[in-house]
Amino acid sequence: MEPEVSKEAEKQPMEVEAGDPADPRDLVSSDDEIDYSVEPEFYDPAVDDVDERWAHKQRKGRTSDAVLSCPACFTTLCLDSQRHEKYVNQYRAMFVCNCKVKTDQILREGKGKRKNRKVTAVDSATPEVANKGPVYHPVCCEICSTEVGVFDEDEVYHFFNVIPSNS
């Protein structure tokens, strides 16, 4: 049951916020207040062309298989990457941005069948492990610290936890 409203109260304008030009009951929708004949100030039709020229300049004429982004915060991590021939969700690169290599941590490739090999953390203080197999360091997104890949002895980044997009 709704409370009764007197005829006088119905004629009183409802409370309007500062800057509202009209009684809200007279508006059909908020679109009535928007002037669509004027382009919004935040729109720039040439921004895609400018961004494309910037990306080409960064790549220095090289082609890329994908632009790689962090899966957690979508920050661009690499503009110039090469897709792995066998593992299609993995990429390698030499030039990256917004990445942080954790040089204090060492990862090593596990023993076993090639298909089931995993990169595992190793205690760097153990001398017997120091000379067995390639050394990798974890690579994290500089913005949100999500682990996105590894950095090897040849100074190549191997990305496996990234979002690829067309370049």
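In this predicted model, K100 stands opposite C140 in strand 8. That pairing belongs to a longer contact between two elements: strand 5, residues 99-101, is joined to strand 8 by three bridges, and the two run antiparallel.

**Strand 8 and its partners**

Strand 8 has further partners along its length. Strand 6, residues 106-109, also runs antiparallel to strand 8, and two bridges join them. Here L107 stands opposite Y136 in strand 8. Strand 9, residues 147-152, pairs with strand 8 in the antiparallel sense over five bridges. C140 turns up again in this pairing, with E147 as its bridge partner in strand 9. The table puts the three pairings side by side.

| Partner of strand 8 | Bridges | Sense | A residue pair |
|---|---|---|---|
| Strand 5 (residues 99-101) | three | antiparallel | K100 and C140 |
| Strand 6 (residues 106-109) | two | antiparallel | L107 and Y136 |
| Strand 9 (residues 147-152) | five | antiparallel | E147 and C140 |

Strands 8 and 9 form a hairpin with five residues between the strands, and within this hairpin S145 takes a positive phi near 70 degrees.

How many of the residues of strand 8 are buried? Seven of the seven, across residues 135-141, so the strand is largely enclosed by the rest of the structure. Both faces are covered: on one side V135, H137, V139 and C141 are buried, and on the other Y136, P138 and C140 are buried too.

**A three-stranded open sheet**

Elsewhere, three strands make an open sheet in the order 2-1-11, with antiparallel pairing. Strand 2 (76-78) and strand 11 (163-165) stand at the edges with a single partner strand each, so one side of each has no neighbour in the sheet. On average, neighbouring strands of this sheet are turned by 40 degrees against each other, direction ignored. Looking at one of the pairings, strand 1 (residues 67-69) and strand 2 run antiparallel and are joined by two bridges. L68 has C78 as its bridge partner in strand 2.

**The cysteines**

If you are thinking about redox chemistry at the bench, here is what the model shows. A disulfide is a covalent bond between the sulfur atoms of two cysteines. With a cut-off of 2.5 Å between the sulfur atoms, the count of disulfides comes to zero.

Why is C78 not bonded to the closest cysteine sulfur? That sulfur belongs to C97 and lies 7.1 Å from the sulfur of C78, which is too far for a bond. C78 is buried, with a relative accessible area of 0%. For C140, the closest cysteine sulfur is in C141, and the separation of 8.5 Å is again too far for a bond. C140 is buried as well, at a relative accessible area of 1%.

**Helix 2**

Helix 2 covers residues 47-59, and its 13 residues should span 18 Å at 1.5 Å a residue. The end C-alpha atoms are 18 Å apart, so the expected span agrees with the model. Just after helix 2 comes K60, with a positive phi near 55 degrees.

**The chain as a whole**

Stepping back, the protein chain has two helices and eleven strands. From the N terminus on, the order is α-α-β-β-β-β-β-β-β-β-β-β-β. Of its 167 residues, 22% count as buried. Among contacts with a separation of 6 or more, 44% come from residues 24 or more positions apart. The chain exposes about 13200 Å², and carbon and sulfur atoms supply 50% of that area.

Terms used
Residues are numbered from 1 along each chain as its sequence is written. This is a predicted model: local features need pLDDT of at least 70, side-chain atom pairs count only at pLDDT 80 or more; totals for chains, interfaces and linings use all residues. Side-chain values use heavy atoms; hydrogens and water are left out. Buried means under 20% relative accessible area, exposed over 50%, partly exposed in between (1.4 Å probe, protein chains only). Helices (H or I, at least four residues) and strands (E, at least two) are DSSP runs, numbered from the N terminus. Two strands pair if DSSP finds at least two bridges between them. Axes are lines fitted to C-alpha atoms, for helices over the stretch in contact, and angles run from 0 to 180 degrees between N-to-C directions. The expected span of a helix is 1.5 Å times one less than its number of residues. Contact means heavy atoms within 4.5 Å. Accessible areas come from the Shrake-Rupley method with a 1.4 Å probe; for residues, only the protein chains shown count as cover.
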